Amino acid sequence: MQRHPENTLRCYEDLCTAPTTRQPGRVFPLKGKLYKGAWEYEVTKGDRVFYVPDEQQLKVVVYYAGKHPSPAPTP
């Protein structure tokens, strides 16, 4: 948040209002059985937020936020 406050604030607002709205190259669901239900948000070129939205409870569970890992962490 300290390094990129505008991008982080936009990420927070998007996760609060529309966590499953795709934004090409920025917000998208992860593919594969290991990542069922998980989404990735590109905050900056090197920083990511990985999360699982729960539409029934109207919440988002963030399970990783930080430098872009390879491979993506599993929920």
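Which residue in β2 is the bridge partner of P29? In this predicted model, the bridge partner of P29 in β2 is W39, and this pair is a good place to begin reading the fold.

## Overall fold

The protein contains one helix and four strands, and from the N terminus on these elements follow one another in the order α-β-β-β-β. For its 75 residues a compact globule would have a radius of gyration near 11 Å, and the protein has 12 Å, which agrees with that expectation. Taken along the principal axes, the C-alpha atoms fill a box of roughly 30 × 30 × 20 Å.

## Strand β2 and its partners

Strand β1, which covers residues 27–29, pairs with β2 in the antiparallel sense over three bridges. On β2 and strand β3 (residues 47–54), the pairing is again in the antiparallel sense, here over four bridges, and a hairpin of four residues joins β2 to β3. W39 takes part in both pairings, since its bridge partner in β3 is Y51 while P29 is bridged to W39 as well.

In a regular strand the side chains alternate between the two faces of the sheet. In strand β2 (residues 39–42) both faces are covered, with W39 and Y41 buried on one side and E40 and E42 buried on the other.

## Surface and charge

Of the 75 residues of the protein, 28% count as buried. The protein exposes about 5400 Å², of which carbon and sulfur atoms supply 55%. Its side chains include 11 positive and 8 negative ones, and the centres of these two sets lie 8 Å apart.

Conventions
Residues numbered from 1 in each chain as written. Predicted model: local features only at pLDDT ≥ 70, side-chain atom pairs only at ≥ 80, totals over all residues. Heavy atoms only, no water. Helix = DSSP H or I, 4+ residues; strand = E, 2+ residues; numbered from the N terminus. Rg over C-alpha atoms; globule rule 2.2 N^0.38 Å. Buried < 20%, exposed > 50% of the residue type's maximum accessible area, 1.4 Å probe, protein only. Areas by Shrake-Rupley, 256 points an atom, 1.4 Å probe, with all protein chains shown as cover. Lys, Arg positive; Asp, Glu negative; His and termini not counted. Charge placed at Lys NZ, Arg CZ, Asp CG, Glu CD. Pairing = 2+ DSSP bridges.
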